[in-house]
Amino acid sequence: MSANEHLQGSRSGAGGEQVSVLLIADPGEPAALAERIAEYLPERLRSSARVERRWTMCVRNEPYLPDEQAEFAEVIDTVDPSSEHEDIVVYLTDLPRRDDTLPVVADVSADHKFALVSVAGVGGFGIERRVRTVTELAITHILGEPELTPGAARQFPSTQIEDGIRYFAPSGLRRLRLLSGMVRANRPWRLVTGLSKVLVGAFATGAIALATNTIWLFADTMGPWRMSAVTVLSIMAMILWLILDHELWERPKSPEERDRSVLYNTATVVTLTVGVVVLHVALFCLLLATASLTLPPELLSRVLGHGVSFSDYLTLTWLLTSIATIGGALGSGLEDDAAVREAAYGVRQRQRMEKMSEASNETG
């Protein structure tokens, strides 16, 4: 008996066929996506050919996936969809999954009425639309019905696997899509609010430098090329300090782990780069406001020896922000490792790193 026949036999009645879907989601972005998808999909799934079908959806926030490279059969055993009351179970995770080097967006088993969707696999842009399309594709495959979005099956190439069917990321820049999805899952813009001691230390460094007239002269004479070099070096210094001081760099223990470590280390560098750039911009705005309010134009003009305009304040703030960023790098040493990882990574990535750290301590 097919999954669709089973549903028709067990859920049909006077009120029409009823199909229930359970969306299980990892904490963080997948949980928020699941809530929005649960509101949208029921209406979307009511096709004109099956107007009598009634859909119900519920969401549960629970991390099941033990490891991003776990076999699909292992995930099915862990989740145990047959024990759920709902007809179909879809699990959204922000951990990346790959088949060799190909990013996987979903594994679907019609027999178990279960689908595992990797949010990271769909990329870092248009996430909700793509996850919704993959979820629709998985559900229609389980029911044995035509796809709802024309061309969805062509967009996400598939292959048969032992326990069902596997959908891959769209062809073209697949690794870049996976990387952007991993960075998006880390939500790098939260670095500013997550590292309060870094922000305070950086702002204090910039405020102290603002009171030094030598810095005013430096800003007036360095020129854009030197200023740009100082900015790049300050950002690199903070990124390196965060990685080295808080042990965010993964070291592969075997040749088989090397490719995966490269992927995660690249995601870490990109995440921290985006986060530190956002921090840099926030510092620039804070220090520009501080300089404009506390430094009179007459005093600045007297030291520089020429009339000043708003562009001089911008140039001074540019240098101050670079100096403040270096101060923030030193201040990051005051943050504990847990705080830095919470600011830099999503929930599942933090759990993954904690498990790796525990395993390393046990073997050590």
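The exercises below, each with a worked solution, deal with helix crossings and single residues in a predicted model.

In this predicted model, local features need pLDDT of at least 70 and side-chain atom pairs count only at pLDDT 80 or more, while totals for chains, interfaces and linings use all residues. Residues are numbered from 1 along each chain as its sequence is written, and side-chain values use heavy atoms, with hydrogens and water left out.

**Exercise 1.** Determine how helix 2 and helix 4 are oriented to each other, and which residues make their contact.

*Solution.* Begin with the elements, which are DSSP runs numbered from the N terminus (helices are H or I with at least four residues, strands are E with at least two). The axes of helix 2 (residues 29-45) and helix 4 (residues 127-143) come within 10 Å and cross at roughly 55°, where axes are lines fitted to C-alpha atoms, for helices over the stretch in contact, and angles run from 0 to 180 degrees between N-to-C directions. Next, apply the classes: under 35 degrees is roughly parallel, over 145 roughly antiparallel, 65 to 115 roughly perpendicular, and the rest oblique. Helix 2 and helix 4 are therefore oblique to each other. Then list the contact, meaning heavy atoms within 4.5 Å: helix 2 contributes Leu33, Arg36, Ile37, Tyr40, Leu41, Arg44 and Leu45, and helix 4 contributes Ile127, Glu128, Val131, Arg132, Thr135, Glu136 and Ile139. Finally, sort these residues by class, with Ala, Val, Leu, Ile, Met, Phe, Trp, Tyr, Cys and Pro as nonpolar, Asp, Glu, Lys and Arg as charged, and the others, Gly among them, as polar; the result is 8 nonpolar, 1 polar and 5 charged.

**Exercise 2.** Within that contact, state whether Arg36 and Thr135 are buried, partly exposed or exposed, and name their contacts.

*Solution.* Buried means under 20% relative accessible area, exposed over 50%, and partly exposed in between (1.4 Å probe, protein chains only). Arg36, in helix 2, has 35% relative accessibility and so counts as partly exposed. With neighbours within four places in sequence left aside, Arg36 is in contact with Glu29 and Glu128. Thr135, in helix 4, has a relative accessible area of 0% and is buried. Under the same exclusion of neighbours within four places, Thr135 is in contact with Ile37, Leu41, Val90 and Leu92.

**Exercise 3.** Work out how helix 9 and helix 12 are oriented to each other, and where the buried residues of helix 9 lie around its axis.

*Solution.* The axes of helix 9 (residues 213-221) and helix 12 (residues 297-304) come within 10 Å and cross at roughly 70°, and the two helices are therefore roughly perpendicular to each other. Asn213, Trp216, Leu217 and Asp220 in helix 9 meet Leu299, Leu300, Val303 and Leu304 in helix 12, a contact with 6 nonpolar, 1 polar and 1 charged residues. Turning to burial, Ile215, Trp216 and Ala219 are buried in helix 9. They cover an arc of only 105° around the axis, which puts them on the same side of helix 9; the arc is that of the directions from the helix axis to the C-beta atoms.

**Exercise 4.** Locate Asp80 and Glu247, and classify the exposure of each.

*Solution.* Asp80, not a glycine, has a positive phi of about 55° and is found in the loop between helix 3 (72-79) and strand 3 (88-93). At 33% relative accessibility, Asp80 counts as partly exposed. Glu247, not a glycine, has a positive phi of about 55° and sits in the loop between helix 10 (223-245) and helix 11 (255-294). At 55% relative accessibility, Glu247 counts as exposed.
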